[in-house]
Amino acid sequence: MAIADSSLSRVGNALILRSIPALVAAVVITFSRNHAAVVGLTVFVGFAFLLASTLIFTVMSVPLEGLNRTLVGIQAIATVVAAAIASATLTGGLPALLLVLSIWAGITAALELYAGYRESNRTVAKEWLTIGGFTAILAIIEAVVPMNDVYAVGIFGAYVAIVGVYQVIAGISLRSDAQSTTRKVSS
């Protein structure tokens, strides 16, 4: 089922809220002199726990229907599990960082892409598909490209910066669409 035009504003707010953990992680990685794997894992733990909270908030406050509500909920659970694994393997070095990032990104990208594919509201679907695409690219790069600590953490930092900014723009765009739809109906 589709997200109603009247709910676009809430979806936009959820995307803006969801951008906050990404932007905070981007700032921390950008301004950190140390790009060791332990720093990447630590930032990921904070990012993932905050992201899971925003996903749970989305499930509770945005009128997602049917399977899409379940997909966002599973995404929240996968993110919490990834954060717990990352926190348990802080001393695991580069292999732990690459494994956690690539598996988390692969799972959440698949969920986001499938939710976007199923969503009949094309405006919302486009945003979910784009975010899922960015996350899939992160999964592929972290899993396939040979890396050292600096590149692995830097690519994660670039990902959260891009996704964070994109989510703010998408959220504002959805809110604007909702307002223009409301004005057209009122006229």
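Colleague: Which residues make the nonpolar surface patch of about 400 Å²?

Modeller: In this predicted model, one contributor lies in helix α3 (residues 67-88), namely L67. L67 has 33% relative accessibility and counts as partly exposed. The patch is made by L67, Y114, Y117 and L129.

Colleague: Which element of the protein chain has the lowest mean pLDDT?

Modeller: The protein chain averages a pLDDT of 90, and 92% of the residues score at least 70. Among its elements, helix α4 (residues 93-118) has the highest mean, 96. The lowest mean, 85, belongs to helix α6 (residues 149-186).

Colleague: How many aromatic pairs does the structure hold, and what is the geometry of F47 and F156?

Modeller: The structure holds eight aromatic pairs. The ring centres of F47 and F156 are 5.7 Å apart. Their planes meet at 75 degrees, and planes over 60 degrees apart count as edge-to-face, so the geometry of F47 and F156 is edge-to-face.

Colleague: Which helices does this pair of F47 and F156 link?

Modeller: F47 is buried at 4% relative accessible area, and F156 is buried at 1%. The two residues are 109 apart in the chain, so the pair links distant parts of it. The helices are α2 (residues 37-61), which holds F47, and α6, which holds F156.

Colleague: Is Y166, the partner of F134, buried or partly exposed?

Modeller: F134 and Y166 form an edge-to-face pair, 5.8 Å centre to centre with 80 degrees between the planes. F134 lies in helix α5 (residues 122-144) and Y166 in helix α6. F134, at 27% relative accessibility, counts as partly exposed. Y166 has a relative accessible area of 19%, and the cut-off is under 20%, so Y166 is buried.

How values were computed: Residues numbered from 1 in each chain as written. Predicted model: local features only at pLDDT ≥ 70, side-chain atom pairs only at ≥ 80, totals over all residues. Heavy atoms only, no water. Patch = residues over 30% accessible without salt bridge, like charges linked within 9 Å, V, L, I, M, F, W, Y side chains within 5 Å. Areas by Shrake-Rupley, 256 points an atom, 1.4 Å probe, with all protein chains shown as cover. Salt bridge = Lys/Arg side-chain N within 4 Å of Asp/Glu carboxyl O. Helix = DSSP H or I, 4+ residues; strand = E, 2+ residues; numbered from the N terminus. Buried < 20%, exposed > 50% of the residue type's maximum accessible area, 1.4 Å probe, protein only. pLDDT = per-residue confidence, 0-100. Phe/Tyr/Trp six-rings, centres within 6.5 Å; stacked < 30°, edge-to-face > 60°.
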